[in-house]
Amino acid sequence: MRPTGTLAIIAIGAALIASCGSGGGSVYPEGTVVVVSGECLSIEQVKQNIPAGLTPDDSMMMAKAYIRQWVDAKLVERVARDEVDMDEIDRLTHEYRLQLIMSHYRRAMAVQASDGFFCEDSIRAFYDANPGQFKLERPLIKGVYLKVPDDAENLRLLRRLYRSDKPTDMDKLEKAAASSAVHYDYFRDQWTDWEQVENRIPVDFGASRMQAIAQHKPLEVNVDGFVYLLSVSDFLPAGAPMPYQAARELVRDRLINRKRKLYDSKLRDDLFHTAAERGIVVFPSSNGKN
């Protein structure tokens, strides 16, 4: 029977130790998988580095790889001490640790300080003041889209209504589509990413078709027993200024990031001044006075 879980890790560790020597019969802490120069790797350490939910075979493979990686790292560290300035390594490790602590603390405090709420006037004001910062990466459209079986009894009616601009015709279209359309989307009052519509229509949208759409010309495609109808009431090409409706979330995110940066700067200044006042931070002057 193939070992699984903890038994698999023990078996792998035992095999690795056996392949390198018996260890001289020394006694190591319970749960030790492998030992390098007196330093032990435990079963728990290995288990903590193996994701949950893996198959037994995958668990064994990852455990074996982690154990070997740990052994290799310890062996390299052992021989590298004679060739590498370990004091410099310790200094860099300490500095990196301080940077991580500072970064994580500042990020956590900044997130707490920025609740993400901005009034609509603030979002709109930032958008209006920075018109060149928000450009479309893909076209946006407004319009009406339908997918209808080509044998639908009211197809002729749908063809007439979906092109209309009259509110009464739109009410009729919604009722007619409910009885026969597979898909029906009305988005004349909301900008929609062109790709969301394009992916629903199984045709190649080359330059001629895109030009027709940009000119607000209705589109009808008949493929595999279905008729695809698209009426475009408005179109914005890639590279055009992003309308406020589409840019709103980007503007809000920009404001949140700016608020976090301002808070981060204030946090560091406050910590510095408080520490200086309490004598935690001291800059001795050349004459020996603080």
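**Figure 1. About 220 Å³ of space lies in the second largest pocket.** This is a predicted model in which local features need pLDDT of at least 70 and side-chain atom pairs count only at pLDDT 80 or more, while totals for chains, interfaces and linings use all residues. Residues are numbered from 1 along each chain as its sequence is written, and side-chain values use heavy atoms, with hydrogens and water left out. A pocket here is an open set of points on a 1 Å grid over the protein atoms alone, where a 1.4 Å probe fits, with protein on both sides within 12 Å along at least five of seven lines; lining residues have an atom within 4 Å of a point. The volume is the space filled by probe spheres set on the points. One run of the lining goes from Lys 135 and Leu 136 through Glu 137, Arg 138 and Pro 139 to Leu 140. Trp 191, Asp 193, Met 242, Gln 245 and Ala 246 also belong to the lining of this pocket. By class, you will find 6 nonpolar, 1 polar and 4 charged residues around the second largest pocket.

**Figure 2. Leu 54, Met 61 and Met 62 make up a nonpolar patch on the surface.** Together, these three residues offer about 260 Å² of accessible area (Shrake-Rupley method, 1.4 Å probe). Patch members have over 30% relative accessible area and no salt bridge, and nonpolar side chains are joined within 5 Å. Look for Met 62 in helix 3, which spans residues 56-80 (a helix is a DSSP run of H or I with at least four residues, a strand a run of E with at least two). Met 62 counts as partly exposed because its relative accessibility is 33% (buried is under 20%, exposed over 50%, partly exposed in between).

**Figure 3. Arg 124 and Asp 128 pair up through their side chains in a salt bridge.** The N to O distance is 3.3 Å, and the cut-off for a salt bridge is 4 Å between a side-chain nitrogen of Lys or Arg and a carboxyl oxygen of Asp or Glu. Both Arg 124 and Asp 128 sit in helix 5 (residues 120-129), where 4 residues, or about one turn of the helix, separate them. With a relative accessible area of 36%, Arg 124 is partly exposed. Asp 128 is partly exposed too, at 46% relative accessibility. For context, the whole structure contains 18 salt bridges.

**Figure 4. Arg 252 takes part in a salt bridge with Glu 249 and in another with Asp 253.** The bridge between Glu 249 and Arg 252 has an N to O distance of 3.8 Å. Glu 249 and Arg 252 are 3 residues apart, about one turn, in helix 10 (residues 244-277). The bridge from Arg 252 to Asp 253 is likewise 3.8 Å, N to O. Glu 249 is partly exposed at 44% relative accessible area, Arg 252 is partly exposed at 25%, and Asp 253 is partly exposed at 37%. Through shared partners, salt bridges join Glu 249, Arg 252 and Asp 253 with Glu 120 and Arg 248 into one network.

**Figure 5. Ser 37 has a positive phi, and so does Asp 224.** Although Ser 37 is not a glycine, its phi is about 55°. This serine is in the loop between strand 1 (32-36) and strand 2 (39-42), and Ser 37 is exposed, with 58% relative accessibility. Asp 224, also not a glycine, has a phi of about 50°. The loop that holds Asp 224 connects strand 6 (219-223) with strand 7 (226-236), and Asp 224 is exposed at a relative accessible area of 73%.

**Figure 6. Arg 188 and Val 227 are buried.** Arg 188 belongs to the loop between strand 4 (183-186) and strand 5 (192-193), and its relative accessibility is 13%. Between the C-alpha atoms of Arg 188 and Asp 234 the distance is 7.8 Å, with their positions 46 residues apart along the chain. Val 227 is placed in strand 7 and has a relative accessible area of 0%. Val 227 and Ala 181 lie 46 residues apart in sequence, and their C-alpha atoms are 9.6 Å apart in space.

How values were computed: Ala, Val, Leu, Ile, Met, Phe, Trp, Tyr, Cys and Pro count as nonpolar, Asp, Glu, Lys and Arg as charged, and the others, Gly among them, as polar. Patches are made of residues with over 30% relative accessible area and no salt bridge: like charges are joined within 9 Å, nonpolar side chains (Val, Leu, Ile, Met, Phe, Trp, Tyr) within 5 Å. Buried means under 20% relative accessible area, exposed over 50%, partly exposed in between (1.4 Å probe, protein chains only).
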